[in-house]
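Biologist: Before planning any work on this protein, I should like to go through the model with you. Please take me through its confidence, one helix and the charged pairs.

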Amino acid sequence: MSASFKTAPMPTQAHYHIHKSTNGQYYFHLLASTGDILLTSETYTRRTACLNSIASVKVHAPVEQNYQRLTQTDSNVYYNLLAANYQVIGTRRNIAHAKERERLIELCQAEAPDAPITSDY
């Protein structure tokens, strides 16, 4: 008797995926066409607030100056995407190297503006 396993297909298109947490709050991941998570949002009490944040990412992601590059205390690096008012609208943490961070930012700049939205529910 052999077990049959299905693997999740590799995403072929970048997309925002909205999740609903166990406490009823909403958040999103921006996933690249490569399958990498490019951004994670904060949590929102209303789905419309989550959608508004995605709209802000679409506008601000292409602009190089909107990225804040930082180093974690464990020497990993990360970045924040900032809105025009300097509020963080998405974060990508736990990146091993600065070169990888730059690759992820380039993907975010290129793919975020036109990415569709999906959800679990």
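Biologist: Over which residues does pLDDT stay under 50?

Modeller: This is a predicted model, and its chain averages a pLDDT of 92. Of the residues, 91% score at least 70. The low stretch has zero contacts beyond four places in sequence, and it covers residues 1–9.

Biologist: How far apart are the end C-alpha atoms of helix α2?

Modeller: Helix α2 comprises 14 residues, running from 98 to 111. At 1.5 Å a residue, such a helix should span 20 Å. The distance in the model agrees with that expectation: 20 Å.

Biologist: Which strands do the buried residues of α2 pack against?

Modeller: The buried residues of α2 include L104, I105, L107 and C108. R101, Q109 and E111 are buried in this helix as well. In general, an α-helix has 3.6 residues a turn, so residues three or four places apart point the same way. The strands packed against the buried residues of α2 are β2 (26–31), β3 (37–40), β4 (67–71), β5 (77–82) and β6 (88–95).

Biologist: Which residue of helix α2 is 67 residues apart from its salt-bridge partner D36?

Modeller: A search of the whole structure finds five salt bridges. In one of them, D36 contributes its side chain at an N to O distance of 2.9 Å. D36 sits in the loop between β2 and β3, so the pair links distant parts of the chain. The partner in helix α2, partly exposed with a relative accessible area of 32%, is R103.

Biologist: How many residues apart in sequence are the parts that E102 and R69 tie together?

Modeller: E102 and R69 form a salt bridge, with their closest N and O atoms 2.7 Å apart. E102 lies in helix α2, whereas R69 belongs to strand β4. E102 is partly exposed at a relative accessible area of 28%, and R69 is partly exposed with a value of 28%. The separation of the parts they tie together is 33 residues.

Biologist: Is R101, which forms a salt bridge with E102, buried or exposed?

Modeller: The closest N and O atoms of E102 and R101 are 3.7 Å apart. The relative accessible area of R101 is 10%, and buried means under 20%, so R101 is classed as buried.

Biologist: Which residues are linked with R101 and E102 in a network of salt bridges?

Modeller: Side chains of opposite charge can pair when their charged atoms come close. E102 forms salt bridges with R69 and with R101. The other members of the network are R69 and E64.

Key: Residues are numbered from 1 along each chain as its sequence is written. This is a predicted model: local features need pLDDT of at least 70, side-chain atom pairs count only at pLDDT 80 or more; totals for chains, interfaces and linings use all residues. Side-chain values use heavy atoms; hydrogens and water are left out. Helices (H or I, at least four residues) and strands (E, at least two) are DSSP runs, numbered from the N terminus. The expected span of a helix is 1.5 Å times one less than its number of residues. Buried means under 20% relative accessible area, exposed over 50%, partly exposed in between (1.4 Å probe, protein chains only). Contact means heavy atoms within 4.5 Å. pLDDT is the predictor's confidence in each residue, from 0 to 100. A salt bridge is a side-chain nitrogen of Lys or Arg within 4 Å of a carboxyl oxygen of Asp or Glu.
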